[in-house]
Structures are given as C-alpha cells and as structure tokens.
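Got the viewer open? Let's take a short walk through this one, selecting a few things at a time.

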Amino acid sequence: MSTRPSILVARKIFPDVVARLREHFDVETNEGDAPMSPAQLIERLQGKAGAITTGSERVDAALIAACPQLKVVANIAVGYNNFDLPAITAAGVLASNTPDVLTETTADFGFALLLATARRLTESEHFLRAGQWNRWALDMFAGTEVNGSTLGILGMGRIGQAIARRGAHGFNMKVIYHNRSRLDAATEAECKARYVDKAELLKTADHLILVLPYSASSHHAIGAAELAQMKPTATLVNVARGGIVDDAALASALREKRIAAAGLDVFEGEPSVHPGLLEASNVVLTPHIASATITTRKAMANLAADNVIAYLTQGKMVTPLNPQVADQR
Ligand code: DGY
C-alpha cells in the first residue's frame with residue numbers, strides 16, 4: 001500500500017499539472033468533469049489529505065466534519081465564497097486561493113465586457129447574423145460613449161485597480177471608486193481614481209463595474225434601490241460574483257430601460273440565468289469566463305498545485321487564506 005498522501009482534484013484540470021501532483025501524491029481526478037454533489041464530494045474525499053477545488057465545490061462545516069483526514073483545500077479561483085473559511089480554519093485545515101495570477105486577464109475581460117455593453121456589440125452582431133441588416137442608418141446601434149466618460153468601480157482590490165488603470169490611462173476616463181477602505185494616496189494617484197461614497201458612485205458613473213468579493217454583506221449590493229439611483233444612460237458590468245446583483249431587479253430595470261444596458265459574466269444561481277436577463281436585448285451575457293485564457297487558467301491551476309505540494313511536503317503555503325493554521329502546526 002502506498003504511503004504517499006492521497007489527494008482529489010475535483011474538476012478536470014491540465015494534464016501537466018496533474019503530472020506535477022503525481023510526483024508527490026496519489027492523485028484521484030475527475031476526468032468526466034461533472035460537478036459533484038456535496039455527498040459525492042464527501043465520498044470522493046474519504047482518506048484524502050488534500051483537495052483541489054473550483055468555485056463549483058462547496059467546502060463547508062458538514063464536509064470538513066465528514067472528511068477528518070483532510071489537511072488542505074486549494075481553490076482554483078481568487079474568490080472563495082464556496083469556502084466556509086471559519087469552519088475550515090476551526091478544523092485546522094489550511095485553505096488557499098489563486099490571487100495575482102489572474103488580475104490583468106480579469107481586468108482585460110472586465111473592460112471587454114464594458115466596451116461590448118456600451119457599444120452594443122453582441123446585440124448588433126445578432127441583428128447582422130439574423131439577416132436583418134438591409135440598410136445603414138445614422139443612429140443604428142448607437143451606444144454610449146466610453147472614452148472620456150466616468151467609470152465607477154465598486155470594490156477596489158487588485159482587479160478593480162487594474163481596471164481603473166485601463167480606464168484612466170487607456171481611455172481617458174474619470175475614475176471614481178467605492179471600497180470598504182480607501183486606497184493610499186500613491187495608489188489612488190497611480191490609478192487616477194477618486195474615492196466617493198456609494199450614493200455618489202451610483203449617481204455619477206456612466207459605467208459602473210462591480211469587482212467586489214461576495215459575502216453576506218455584499219449580497220444584493222446592487223438591487224432595485226441602487227439601480228434606481230443610476231443614470232438612465234448608465235451601463236452596469238458584473239465580473240465579481242453572482243448574488244452581488246439582484247438579477248430579478250436588474251432584469252426589470254433593463255426591460256423598463258431604467259438603465260441603458262448591462263454586461264454580466266456571473267449570475268445568481270449560475271449556471272442558471274434569470275429568464276428576464278435571457279430575454280433582454282440590452283444585456284451582454286458570458287458564462288463566468290473573465291479569467292479564461294489558457295495562460296491564466298494554467299497559472300491558476302499551477303498555483304493551487306503549488307499550494308498543496310508546499311503544504312503537504314514542507315508545511316508551507318504560497319497563498320494561504322488562513323496562515324494561522326500553518327503557523328500552529
Ligand atoms: C475567480 O477566480 O474567482 C473566478 O471567478 C473564477 O472562479
């Protein structure tokens with residue numbers, strides 16, 4: 001019988017990353033890539049010292065209690081709202097995420113979604129593909145100006161700052177932001193970003209982009225009341241997490257043209273999407289792909305692998321979420 005630790009890779013990842021893991025561990029994979037139910041995940045984790053998860057796998061108190069041999073859970077995502085971190089920490093299990101490696105790629109996508117939304121890219125493409133384009137017109141798919149407009153950012157962590165730099169330096173935008181805590185003056189200057197309260201952000205932004213983490217306190221941070229404060233010409237972009245926007249309220253606001261348009265990469269209850277959003281023409285919808293380039297997704301998978309290898313072989317971790325667990329070891 002092998003004396004090497006066993007680990008589970010809960011979703012299909014890159015073969016070269018699995019090969020790296022196999023140099024150290026007995027590795028069980030999920031080649032079919034079907035998301036597992038909580039019961040299936042618990043069953044597959046029996047006897048495993050480590051788990052590599054994605055945002056689709058919930059690691060909560062019940063799972064932790066049912067998998068007493070688990071020492072480390074490494075999420076292939078910067079967001080970790082699928083982790084009950086207090087329960088994981090209380091059980092002495094180390095957890096990690098994948099910050100930094102996806103910052104610029106996600107900011108690129110946030111900006112792409114902003115441009116596509118403001119300039120009605122997918123709506124006009126659908127029109128063309130449907131054979132409806134039979135004459136040019138001056139106001140055809142006239143959208144909203146991006147260059148020189150006011151960019152509002154809610155959540156000003158690494159990705160928010162990377163989006164601010166694109167807006168300020170690349171598109172000459174006036175950048176305003178709201179965040180739990182204000183950035184230091186040097187970072188504000190580098191991003192050319194001005195701190196405002198949430199009410200001012202909502203009423204002033206021509207384009208509002210959401211980049212804040214999901215938690216109980218950010219649930220429905222943008223609901224009917226917030227949408228009512230936005231300009232009727234404004235666009236809203238969400239590359240953060242489903243649940244930050246009240247999708248039903250947004251669908252009504254889009255239908256009634258209370259805001260101009262939205263670009264959404266994340267949804268409440270995804271992969272299901274609110275039918276009112278699917279019906280709306282003034283919304284660009286993408287399936288949670290903001291960090292999806294091959295280079296970045298490989299970097300994320302490798303970082304998760306690095307964390308598991310470092311912890312199970314040396315008691316260290318590269319990007320721990322609860323480093324106190326390693327310190328107490
Ligand atoms: C992240 O890294 O949090 C992305 O949303 C992928 O899940």
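One bit of bookkeeping before the first click: a salt bridge here is a side-chain nitrogen of Lys or Arg within 4 Å of a carboxyl oxygen of Asp or Glu. Keep in mind, too, that you're looking at a predicted model.

With that in hand, select Arg158 and Asp100. They form a salt bridge, and the closest N and O atoms are 3.5 Å apart, which is inside the 4 Å cut-off. How many salt bridges does the rule find across the interface of domain 1 and domain 2? Just one.

Now zoom out and colour by domain. Domain 1 takes residues 6-101 plus 294-327, while domain 2 runs over 103-285. Drop a C-alpha centroid in each and you should get 32 Å between the two centres.

Next, select the residues where the domains touch. Eight residues of domain 1 are in contact with six of domain 2. The area buried between the two domains is about 560 Å², with carbon and sulfur atoms giving 41% of that. On the domain 1 side, pick out Asn81, Asp100 and Thr296: these lose the most area to domain 2, together 67% of what that side buries.

Switch on polar contacts between the domains, keeping to residues at pLDDT 80 or more, and the count is three residue pairs. The side of domain 1 that touches domain 2 is made up of four nonpolar residues, three polar and one charged.

Last stop: the ligand. Which residues are around it? Select Ala77, Val78, Gly79, Leu102, Arg241, His288 and Met300. By type, this shell divides into four nonpolar, two polar and one charged.

Now check some distances to ligand oxygen atoms:

- Val78: a backbone N or O atom lies 2.7 Å from a ligand oxygen.
- Gly79: here a backbone N or O atom is 2.9 Å from a ligand oxygen.
- His288: a polar side-chain atom sits 2.6 Å from a ligand oxygen.

To finish, show the surface around the ligand. On its own the ligand has 230 Å² of accessible area, and the protein covers 85% of it.

Terms used. Residues numbered from 1 in each chain as written. Predicted model: local features only at pLDDT ≥ 70, side-chain atom pairs only at ≥ 80, totals over all residues. Heavy atoms only, no water. Domains from an automatic or database assignment. Contact = heavy atoms within 4.5 Å. Buried area = accessible area lost by both parts, 1.4 Å probe. Polar contact = N/O pair within 3.5 Å; in protein donor to acceptor, adjacent residues only side chain to side chain. Nonpolar A, V, L, I, M, F, W, Y, C, P; charged D, E, K, R; others polar. Near = heavy atom within 4 Å. Areas by Shrake-Rupley, 256 points an atom, 1.4 Å probe, with all protein chains shown as cover.
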